[in-house]
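Work through these exercises with the model open in a viewer. Each task is followed by a stepwise solution.

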Amino acid sequence: MNTATATAPIQLPWTQSLHTGDGRMDDTHHEFVDMLNRLMTTPHDQQLPLYKEFLLHTVEHFAQEERWMLATGFAADNCHADHHATILETMRAVETHYEGGDTEIIQRLAEALAEWFPGHAASMDAGLAIHLKNVGFDSVTETLADPSAIKNVTMSGCGSVTCTD
C-alpha cells in the first residue's frame, strides 16, 4: 500500500516583512515573488520558458538596484552587487544544467531562492531603501534631490543595516 501523499509546492507569500519602504523596489520585488511562485507551481518539464523570463526579470531587477547604488555613492564592487552577481551566475548555470537533462534543478533553485529572498530583502534591500531615502533619491525618476549630497564611490558595503560600511 502506498501511503505517500503529494506535498503542495513551496510558496513564498507576499507579506509586510518583504516591504522595504521604497515603492518602486517593492513593486519589483512583488513581481519577483509572483514569478518565483508561478515557477514553483509549474510542472518541471514546462519550467524552462518561464525560468528564462524569470532570469531576464532578475537581471533587470538587480541592474535597477545597482544603478541606484552607483547613483547614490556606492563603489561598483560593493558586497550587495556581489551577492547579485553570485545569484545570477548560479541562475545561468541552472539553465545550462536543465538543458543538459536535469529537469528538477529549476525547482530546487526556486525553492532555495524562496528561502534566500526574505533575508536579502529584509537586510540588504531594506538597508538600501533607507539609504535612498536618507540621500533624497527618487527611485521612480532615478534622480537625487540634491546631487551635491553624494560623495562618489564612498561606500563599499552592502547597503544593509547589518553591514559595517
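## Exercise 1: The cores

Task: find the residues with the most contacts inside the largest nonpolar core, and say which elements build this core.

Solution.
1. The model is a predicted one. Its largest nonpolar core holds 27 residues.
2. Inside that core, the residues with the most contacts are Leu36, Leu39, Tyr51, Phe54, Met91, Ile106 and Phe117.
3. Two or more core residues come from each of α1 (23-40), α2, α3 (79-99) and α4 (105-135).
4. α4 supplies the largest share, eight residues.
5. Take Leu36 as a sample. Beyond its neighbours within four places in sequence, Leu36 touches Leu12, Phe54, Ala110, Leu113 and Ala114.
6. There is also a second, separate core of 11 residues, with Trp68, Met69, Ala129 and Phe137 among them.

## Exercise 2: The whole chain

Task: give the order of elements along the protein chain, then its buried share.

Solution.
1. Count the elements: four helices and two strands.
2. Read from the N terminus: α-α-α-α-β-β.
3. Of the 165 residues, 44% are buried.
4. Now take the contacts between residues at least 6 apart in sequence. Of these, 75% join residues at least 24 apart.

## Exercise 3: Helix α1

Task: compare the span of α1 with the expected one, and state what its buried residues pack against.

Solution.
1. α1 has 18 residues. From first C-alpha to last, α1 reaches 26 Å, close to the 26 Å expected at 1.5 Å a residue.
2. Look at the start of α1. A side-chain oxygen of Asp22 comes to within 3.2 Å of the backbone nitrogen of Arg24.
3. List the buried residues of α1: Met25, Asp26, Thr28, His29, Phe32, Val33, Met35, Leu36, Asn37, Leu39 and Met40.
4. These buried residues pack against α2 and α4.

## Exercise 4: The α3 and α4 pair

Task: are α3 and α4 roughly parallel or roughly antiparallel?

Solution.
1. The two axes come within 12 Å and cross at roughly 170°.
2. Angles over 145 degrees count as roughly antiparallel.
3. Therefore α3 and α4 are roughly antiparallel to each other.
4. Check the residues that meet. The α3 side includes His83, Ile87, Met91, Val94 and Tyr98. The α4 side includes Ile106, Leu109, Leu113, Trp116 and Leu128.

## Exercise 5: Glutamine 47

Task: is Gln47 buried or exposed, and which backbone oxygens does its side chain approach?

Solution.
1. Place the residue: Gln47 is in helix α2 (residues 47-71).
2. Its relative accessible area is 0%. Buried means under 20%, so Gln47 is buried.
3. The side chain of Gln47 reaches the backbone oxygen of Leu39 at 3.0 Å.
4. A polar atom of that side chain also lies 3.4 Å from the backbone oxygen of Thr42.
5. Leave aside neighbours within four places in sequence. Gln47 then contacts Leu39, Thr42, Tyr98, Thr103, Ile106 and Gln107.

## Exercise 6: Glutamate 142

Task: what is the sign of phi at Glu142, and where is this residue placed?

Solution.
1. Phi of Glu142 is near 55°, a positive value in a residue other than glycine.
2. Set this against the general rule. Most residues other than glycine have a negative phi.
3. Glu142 is in the loop between β1 (137-138) and β2 (143-144).
4. With a relative accessible area of 26%, Glu142 is partly exposed.

Methods:
Residues numbered from 1 in each chain as written. Predicted model: local features only at pLDDT ≥ 70, side-chain atom pairs only at ≥ 80, totals over all residues. Heavy atoms only, no water. Buried < 20%, exposed > 50% of the residue type's maximum accessible area, 1.4 Å probe, protein only. Polar contact = N/O pair within 3.5 Å; in protein donor to acceptor, adjacent residues only side chain to side chain. Contact = heavy atoms within 4.5 Å. Core = buried A, V, L, I, M, F, W, Y, C linked by side-chain atoms within 4.5 Å. Expected span 1.5 Å × (residues − 1). Axes fitted to C-alpha atoms, helices over the stretch in contact; angles between N-to-C directions. Parallel < 35°, antiparallel > 145°, perpendicular 65-115°, else oblique.
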